[in-house]
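This report covers an internal cavity and the strand arrangement of one model. The cavity is taken up before the strands.

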Amino acid sequence: MKPTKVIFKVKNLSKSYPGNENHYTLKDINLDITQGSTIALIGESGSGKSTFLNILSGLEPPTSGEVQFNNVSIWNSTEKERALIRRNELAIIFQSFNLINSLTVWQNIGFHARLSGKWDSDLAEQLIETAGLKNLLNRYPDQISGGEQQRVAILRAIIAKPKVLFADEPTGNLDDQNSKVIIKMLLDMINSIGATLLVATHSKAFASKLDIKLKLKDGKLKSS
Ligand code: ADP
Ligand code: MG
């Protein structure tokens, strides 16, 4: 059975942007995220999925309301405290991979885990094997395919053993075959480290494999 501890608590969260204060991208959202759950965030382009992920992962401040991670209000914390939570407990995967082009595949994979002191060579070896990246470790990101780049980004996130992994349309730039491989790999790895997953996706195949589906529409979050 999965544990039922609430790891993220979202309270009356609203977001509007300067210059357009009367339009709320997110309006009075409340949500409890249980540790170990996997959640698909769906909704049309422009519905606020990225905004929501960015606020929960500490990248972008809300206009009002609160986000608690393990009972700590991350937007009432100092920048330094928030940076530590981000570095040690959270990880983010983007649609555009966001690898560091001047570092090799091997260096990219270890980048976050080494920063947070969680580097584990046994785990790294095992995940590299699973991801089929063994022969690409000395290449640079521009010398591998998009699907391979996303596998590197996933490994970089997973090896740092985050409590929560955010993914913003991680298969958005990939073809069907690569998407399939990425989805399976990501879910297997999430399971193996027991992390919580919140993923914005347009892929029905992906969403159907997750515990919970939430839909953003008109600034509101609804079960779907
Ligand atoms: P999604 O990820 O679902 O496509 P976004 O969260 O990127 O949606 O955007 C939601 C809305 O917020 C859009 O209307 C977008 O134009 C607006 N928005 C996002 N970022 C900014 C910004 N930095 N400044 C102004 N408006 C923004
Ligand atoms: Mg988006």
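In this predicted model, the largest cavity is lined by Leu 53, Asn 54, Ser 57, Ile 92, Phe 94, Phe 166, Ala 167 and Asp 168. By class, the lining divides into five nonpolar residues, two polar and one charged. The space inside the largest cavity is about 30 Å³, and a search of the whole structure for cavities of 30 Å³ or more finds one.

Three elements each supply at least two residues of this lining: helix 1 (49-56), strand 6 (90-94) and strand 7 (164-168). Strand 7 gives the most, with three residues.

Helix 1 also has a place beside the strands. It lies across strand 1 (6-17), strand 2 and strand 4, and helix 1 runs at about 125° to strand 1. Strands 1, 2 and 4 belong, together with strand 5, to an open sheet of four strands in the order 2-1-4-5, with antiparallel pairing. Strand 2 (20-34) and strand 5 (72-73) are the edge strands, each pairing on one side only. Strand 5 is joined to strand 4 (residues 64-69) in the antiparallel sense over two bridges; in one of the pairs, Phe 69 has Val 72 of strand 5 as its bridge partner.

Strand 3 (residues 38-42) pairs in the parallel sense with strand 8 (residues 196-200), through four bridges. Four bridges also join strand 3 to strand 9 (residues 212-217), again in parallel. Within these pairings, Thr 38 has Leu 197 in strand 8 as bridge partner, while Ile 42 has Lys 215 in strand 9.

The bridge pairs named in this report are listed here.

| Residue | Bridge partner | Strand of the partner |
|---|---|---|
| Phe 69 | Val 72 | strand 5 |
| Thr 38 | Leu 197 | strand 8 |
| Ile 42 | Lys 215 | strand 9 |

How much of strand 3 is buried? Five of its five residues are, and strand 3 is described as mostly covered. The cover extends to both faces of strand 3. On one side the buried residues are Thr 38, Ala 40 and Ile 42, and on the other they are Ile 39 and Leu 41. Thr 38 is thus both buried and bridged to Leu 197 of strand 8. Ile 42, on the side shared with Thr 38 and Ala 40, is likewise buried, and its bridge partner in strand 9 is Lys 215.

Key:
Residues numbered from 1 in each chain as written. Chains lettered and ligands numbered in written order. Predicted model: local features only at pLDDT ≥ 70, side-chain atom pairs only at ≥ 80, totals over all residues. Heavy atoms only, no water. 1 Å grid on protein atoms, 1.4 Å probe; cavity = no way out; pocket = protein on both sides within 12 Å on 5 of 7 lines; lining within 4 Å. Points joined across faces, edges and corners; volume = space filled by probe spheres on them. Nonpolar A, V, L, I, M, F, W, Y, C, P; charged D, E, K, R; others polar. Pairing = 2+ DSSP bridges. Contact = heavy atoms within 4.5 Å. Axes fitted to C-alpha atoms, helices over the stretch in contact; angles between N-to-C directions. Buried < 20%, exposed > 50% of the residue type's maximum accessible area, 1.4 Å probe, protein only.
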